[in-house]
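Trainee: Could we take a close look at one part of this model? I would like to know how its strands are put together.

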Amino acid sequence: MTVQGKVHVDGVIEGKIDANDDISIGKTGEVKGLVKAKHVHVSGRLEGEVICDILYVEAGGKVRARVLSRQMSVDPKGCFQGERREQIQQVLALQDAAEKPFEFGVEAIDSLPDRIVLGSGRGKFANK
């Protein structure tokens with residue numbers, strides 16, 4: 001569904017939600033699928049893929065998703081399980097042109113060091 005304006009979900013939705021404004025998922029709300037919006041507030045459950053400027057996982061909220069966002073915050077009593085990447089405008093333009101779900105690659109994981117050793121109390125670390 002494509003929506004002009006804000007969306008609040010207190011029921012169950014499966015599929016794609018594309019809003020040009022904010023989406024909020026209430027405590028009894030559950031969304032499974034692709035969610036695109038400016039801001040996404042989750043107090044209920046969200047599962048799938050999320051493309052937004054800011055994702056807020058509120059207390060009691062549960063997100064299990066691949067997320068593409070500029071910012072993300074998770075309340076200490078909220079739950080996030082998945083992968084988050086920082087939003088890049090060019091990626092979103094390509095995403096919209098292709099009209100298919102964003103696919104995450106592994107190029108960033110390949111560039112990680114094999115091991116990180118933390119120093120003893122000095123706040124320094126070394127890549128190995």
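Trainee: In what sense do β7 and β8 pair, and over how many bridges?

Mentor: β7 and β8 pair in the parallel sense, over 7 bridges. A strand here is a DSSP run of E with at least two residues, numbered from the N terminus, and two strands pair if DSSP finds at least two bridges between them. This is a predicted model, in which local features need pLDDT of at least 70 and side-chain atom pairs count only at pLDDT 80 or more, while totals for chains, interfaces and linings use all residues. Residues are numbered from 1 along each chain as its sequence is written, and side-chain values use heavy atoms, with hydrogens and water left out.

Within the pairing of β7 and β8, leucine 46 has valine 63 of β8 as its bridge partner. β7 also pairs with β6 in the parallel sense, over 12 bridges; there, valine 42 is matched with valine 57 of β7. A further parallel pairing joins β7 to β9 (residues 71–74) over 4 bridges, and in β9 the bridge partner of isoleucine 54 is glutamine 71.

Glutamine 71 also meets serine 69, a residue of β8 (residues 62–69). A polar atom of the serine 69 side chain lies 3.1 Å from the backbone oxygen of glutamine 71. Serine 69 is buried because its relative accessibility is 0%, where buried means under 20% relative accessible area, exposed over 50% and partly exposed in between (1.4 Å probe, protein chains only).

The strands also share a core. The largest nonpolar core has 20 residues, and Leu46 and Val42 are among those with the most contacts inside it. Such a core is a set of buried Ala, Val, Leu, Ile, Met, Phe, Trp, Tyr and Cys residues joined through side-chain atoms within 4.5 Å. β6 (30–42), β7 (45–57) and β8 are among the strands that each supply at least two of its residues. Ile23 is also among the core residues with the most contacts; leaving aside neighbours within four places in sequence, isoleucine 23 is in contact (heavy atoms within 4.5 Å) with residues including Val35, Val40 and His41.

Last, the confidence. The average pLDDT, the predictor's confidence in each residue from 0 to 100, is 79, and 67% of the residues score at least 70. Over residues 104–109 the pLDDT is below 50, although this stretch has 11 contacts beyond near neighbours in sequence. Where pLDDT is low, the predicted coordinates should not be read in detail.

How values were computed
Polar contact = N/O pair within 3.5 Å; in protein donor to acceptor, adjacent residues only side chain to side chain.
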